[in-house]
Amino acid sequence: MVAFGKYLQRKQIEEWRGYYINYKLMKQKVKQYAEQIRGGSQHPRHVLKDFSRMLDTQIEKTVLFMLEQQGLLGGRLSTLRETHDAVLEQPDISKIVALRESYRDVGRDLLQLLKFVELNAIGLRKILKKFDKRFGYRFADYYVKTRANHPYSQLQQVFKHVGVGAVVGAISRNLHELQENEGSFYSIYDQPVLPLQDPVVDAIKTAVDKLTNSTSFLNFLAQHALIMQDDLQTPSEDTIDERTYHFNSLLLNLGNTFLYMVNTYIIVPTADDYSMSLGAAATVCGVVIGSMAVAQVFSSVYFSAWSNKSYFKPLVFSSIALFIGNLMYALAYDANSITLLLLGRLCCGLGSARAVNRRYISDCVPLRIRMQASAGFVSASALGMACGPAIAGLLQIKFKFYKLTFNQSTLPGWVMAVAWLFYLVWLCISFKEPLRDTEEQEEQERSKRNETSSMTDRVEEGIRKPLLITSGILPDDEEDCDESEESADESRRPANSFGDAYRLLTPSVKVQLLIYFMLKYAMEILLSESSVVTSYYFGWTTSSVAIFLACLGLTVLPINILVGSYISNMFEDRQILLTSEIIVFVGILFSFNLFVPYTVPQYVISGLVMFVAAEVLEGVNLSLLSRVMSSRLSKGTYNGGLLSTEAGTLARVVADVTITLGGYLGRNHLLNATLLPSLVICIGSIVATCCTYNSLY
């Protein structure tokens, strides 16, 4: 395939072509090494040494050129500084305007240099991954670790873009000094919180942030949401018009996420009592809680498809479905109908718009704030998970109004019905449907792109070029089509079915989805049966269960802060992944009631250990998924977010069914009966992780 090579030729600066990493040459070397090792003419250690030397040479060439360009930019800034000082002494509007434009020119050239560094970093990551894939080594880890902090290594110049900050600071400060501010000039250091309005500076800052390949709390949360985006997209290529972006609509989208999570967990502390009041067994709470997840399995698909055409209508339907479902849930008490109770929860599940919530952020939020919006999605989910049980604990009152009963069982339904009604009114008033191109416009643009691409191909034919290909974005070129012979358009086409999406999953991605299933299953078992287990063993009241569940929910954000800001910078993701799985296993193991009397400390500590480890595992697992899942799963109905949602929802359904079936063995055997499948699935996921450990990045 040559699709990315053509893209690269259009993006490369002609005068700099000789200074890019020669990806094509290194790829040919990898093939040559493979043939030599198969023929026995070359020892693997010699291959590693020779390839390391080649990489060092290529990186040195790129870094020295980058430093040379930084020096030229610094010289231009020094020259401009002399003119700047003269302008400050005798202000002249025309000279100030010309000087500002000169600084912007330097900024634009710096932006080109950052793109140059980014393309080389992508090529380096790709060739290291290709080498590991071809030979089965972990050479990438060895190469990066031995050179990242070595005093004589050039690698940190590529990834840490040393020296760029000084140039950015000089441009920013000087542009700020030249801003007209009532005839006076203030230092940028006197107003450190003043936002930088110049678009060139904003573009540079965005490019630097994109180039920085380190994990932060915000980035960790964004990946936790599994809202995928194209690694090659830059702010200048962002197709989302800033003028059409609507902040209130984003808030409404996040509000839907928050309310749905509250709706999911607000009934957990009282579901067993509600079931018993309607003549069913306490363990039927598993079916009551899980029926919402059953409906979500189907609603996620049609909501994902619906979001291809509209965002407002799916959110309106979601609000109405949840309003009606909560009314049915609340009225089931006076109707003395377990059927109405279950239908109410099913109706609530049919209103699950999480697929729309993810899709809106991915498609309608500008690139510069998409990470913040993704982190907001995760934070809204975590806050809703904590608030649900907490609100249930506050609804410990009982009264009748006409023929309607309001108590701890029905009030969650009434409260959520009112909340969704207010949300629906706010939605209808404030939500703004994003503008969409018609199919005809899209077809015209597609034809125009194809025509332009065809002309460019003919002009560029025969030009020698270094090919840089980013992982998971496009297939390799014609000399190394490892697994794909698809056309460029087909390689970017979204999956059209679950079968199509499944075929795009690599073995390591399948293992990560299994891990996601396992952790959601274990968490659902812990949360859904908590009211039954604690009332049987410890005699806990609804308020006590609510406090316990709320405390568990409140650990989500602190744990993500700890992992995203510290732990993930100290260890590899795969190390954290496997360690978290083992800790989940330990938490499940110590939750069993075997030989000694079951105590509150044993239940609380083991449950907390399992829940916290599962939260760490979820964040790291989805972070890995967001990086290695095929780019074809970043768009369309059957996207990566839908697959993860379906895996987690199916886990919850199976867990809630397990609780109900375990109830037939009696409440004294429920705990062990439900923990045993969790233990087996956890062991299976650990074994699968160990088998694919070397393929996890």
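Visitor: How many residues does the largest nonpolar core have?
Guide: Happy to help! This is a predicted model, where local features need pLDDT of at least 70, side-chain atom pairs count only at pLDDT 80 or more, and totals for chains, interfaces and linings use all residues. Residues are numbered from 1 along each chain as its sequence is written, while side-chain values use heavy atoms and leave out hydrogens and water. With a nonpolar core taken as buried Ala, Val, Leu, Ile, Met, Phe, Trp, Tyr and Cys residues joined through side-chain atoms within 4.5 Å, the largest one has 109 residues.

Visitor: Which helix gives the most to this core?
Guide: Helices here are DSSP runs (H or I, at least four residues), numbered from the N terminus. The top contributor gives 13 residues and spans residues 507-528: helix 21.

Visitor: Which residues is Leu 250 in contact with, leaving aside its neighbours within four places in sequence?
Guide: Leu 250 is among the residues with the most contacts inside the largest core. Contact means heavy atoms within 4.5 Å. Its partners are Tyr 245, Tyr 360, Ile 361, Val 365 and Ala 373.

Visitor: Is helix 3 roughly parallel or antiparallel to helix 4?
Guide: Helix 3 (residues 44-89) and helix 4 (residues 93-135) pack at about 170 degrees, with their axes 10 Å apart. Axes are lines fitted to C-alpha atoms over the stretch in contact, and angles run from 0 to 180 degrees between N-to-C directions. Under 35 degrees counts as roughly parallel, over 145 as roughly antiparallel, 65 to 115 as roughly perpendicular and the rest as oblique. Helix 3 is therefore, relative to helix 4, roughly antiparallel.

Visitor: How many residues apart in sequence are the parts that Phe 51 and Phe 131 tie together?
Guide: Rings of Phe, Tyr and Trp (its six-membered ring) pair if their centres lie within 6.5 Å, with planes under 30 degrees apart stacked, over 60 edge-to-face and the rest tilted. Phe 51 and Phe 131 are stacked, at 4.5 Å centre to centre and 10 degrees between the planes. Phe 51 lies in helix 3 and Phe 131 in helix 4, so the parts are apart by 80 residues.

Visitor: Is Phe 317 buried, exposed or partly exposed?
Guide: Phe 317 pairs with Phe 303, and the pair is tilted because the ring centres are 6.0 Å apart and the planes at 55 degrees. Buried means under 20% relative accessible area, exposed over 50%, and partly exposed in between (1.4 Å probe, protein chains only). At 0%, Phe 303 is buried. Phe 317 has 35%, so Phe 317 is partly exposed.

Technical notes
Helices (H or I, at least four residues) and strands (E, at least two) are DSSP runs, numbered from the N terminus.
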